[in-house]
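Hello,

Here is the structure I promised to pass on to you. Please open it alongside this email, and then read on for what I found.

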Amino acid sequence: MKFAKLAGIWIGLLAFTTIFFINPAQAELKVVTTIPDLAAITQEIGGNKVKVQSIAKGYQDPHFLEAKPSYMVQLNQADLLIYVGLQLEIGWLPLLIQGARNPALNLGGKGNLDASRAIQVLEVPTGEVDRSMGDIHPEGNPHYLLDPRNGIIVGQEILDRLKLLSPKDSAYFEANFKNFRDKLTAQIADWEKRMAPFKGTQVVSYHKLFEYLMNWLGFSAAGYIEEKPGIPPTAKHLAFITELIKEKKIKIILNGNYTDPKIAQLVADKSGAKLVILPAAVGGEEDIDIYPKLFERIISKLEVEFRQLQSFNVRP
Ligand SMILES: [Zn+2]
């Protein structure tokens with residue numbers, strides 16, 4: 001009798017845990033993204049039907065990340081992997097996918113989403129590019145999420161994939177996407193208006209990180225401190241870029257928050273230009289926890305710097 005009673009309690013407990021712990025977990029899609037911007041967009045669309053984790057944090061350089069076993073465990077349990085593509089993650093993601101032993105995440109699998117598929121890629125090389133030479137943008141510039149209009153394009157891709165993986169939640173995902181898109185579209189118009197007076201401004205940038213941002217807002221880089229993306233500058237190139245800054249009277253050097261600012265600071269000191277560090281991803285600075293906040297911070301910082309240039313009457 002005692003045994004039967006105990007067994008009954010155990011069965012009851014088991015049923016309880018099954019209902020409360022296994023079912024909700026099954027209801028949620030487990031999504032792993034490579035960078036936090038993709039995680040933030042997925043969260044907005046997936047809402048409480050997804051559990052999203054980003055491998056890289058906003059303060060980490062996604063070009064160079066260590067393929068840790070803990071990431072393989074995350075991927076092993078994931079329903080969906082979303083990545084930037086264009087070889088941004090090539091140094092570490094293939095290793096993680098291999099180690100994850102999760103067939104759904106393999107190339108062509110339902111759980112493998114290359115977010116760059118619908119993007120109009122900038123700086124696609126026309127000649128042959130040899131990655132062994134160190135150029136880390138061999139398929140064109142991968143920093144397309146720094147144009148919020150591309151965030152909407154990627155959001156649409158994520159929406160389609162979430163619907164495919166969880167058709168019963170389609171209407172919910174669609175409503176969330178519409179909300180995300182409409183709010184962001186209104187903000188984009190506001191950011192464009194605020195930045196309109198500064199069209200044509202020239203800056204120098206450390207890495208080719210802000211091409212999509214500049215392309216969107218109408219300012220440009222006169223040169224780069226890196227000779228080629230990912231290749232540290234030689235002394236000769238540093239002398240060249242310092243001269244260029246002086247000659248063109250460039251006042252601003254941009255550096256992304258996850259890139260070491262030491263060399264850019266050196267060039268700033270030698271040339272007289274000001275080093276401005278911008279967040280380059282969600283989580284890159286305090287309080288940037290959603291995708292639109294990344295742009296609000298970037299635009300606010302640029303507005304201050306560019307306005308100062310105008311007040312000094314420095315012609316861009
Ligand atoms: Zn890059």
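Below I go from the whole chain to the sheet, then to two helix pairs and one single residue.

Before anything else, please keep in mind that this is a predicted model.

**The chain as a whole**

The protein chain has 316 residues, and 38% of them are buried. You will find 10 helices and 8 strands in it. If you take the contacts between residues at least 6 apart in sequence, 61% of them join residues at least 24 apart.

**The sheet**

A good place to begin is the open sheet, where 4 strands lie in the order β2-β1-β3-β4 with parallel pairing. Which strands stand at the edges? They are β2 (50-54) and β4 (112-114); each has a single partner strand, so one side of each has no neighbour in the sheet. From one strand to the next, the twist averages 20 degrees.

Strand β1 covers residues 29-33 and pairs with β2 in the parallel sense, over 5 bridges. To find this pairing on your screen, look for L29, which stands opposite V50 in β2. Helix α5 (residues 148-165) packs on the sheet, where it touches β1, β3 (80-83) and β4. The direction of α5 makes about 170 degrees with that of β3. As for β1, this strand is mostly covered, with 4 of its 5 residues buried.

**Helices α3 and α4**

Two packed helices are described by the angle between their axes and the distance between the axes. For helix α3 (residues 69-76) and helix α4 (residues 93-100), the axes come within 8 Å and cross at roughly 60 degrees. The two helices are therefore oblique to each other. Their crossing is right-handed.

Which residues meet there? On the α3 side they are P69, Y71, M72, L75 and N76, and on the α4 side L96, I97, G99 and A100. Sorted by class, this contact of α3 with α4 has 7 nonpolar and 2 polar residues, and no charged ones.

**Helices α8 and α9**

The other pair is further along the chain. Helix α8 (residues 235-247) packs with helix α9 (residues 262-271) at an angle of about 50 degrees, and their axes are 9 Å apart. That angle makes α8 oblique to α9. The crossing of α8 and α9 is right-handed.

From α8, the residues L238, I241, T242, I245 and K246 take part, and they meet V267, K270 and S271 in α9. The residues of this contact divide into 4 nonpolar, 2 polar and 2 charged.

**One residue to look at: Q265**

While you are at α9, have a look at Q265, which has its place in this helix. Is Q265 buried, partly exposed or exposed? There are 15 other C-beta atoms within 10 Å of Q265, so this residue counts as partly exposed; a buried residue would need 20 or more, and an exposed one 12 or fewer. Q265 is also 10 residues from N255 in sequence, and the two are 9.3 Å apart in space, C-alpha to C-alpha.

I hope this helps you find your way around. Do write back with any questions.

Best wishes

Technical notes. Residues numbered from 1 in each chain as written. Predicted model: local features only at pLDDT ≥ 70, side-chain atom pairs only at ≥ 80, totals over all residues. Axes fitted to C-alpha atoms, helices over the stretch in contact; angles between N-to-C directions. Parallel < 35°, antiparallel > 145°, perpendicular 65-115°, else oblique. Left-handed = near helix turned anticlockwise from the far one by under 90°. Contact = placed C-beta atoms within 7 Å. Nonpolar A, V, L, I, M, F, W, Y, C, P; charged D, E, K, R; others polar. Pairing = 2+ DSSP bridges.
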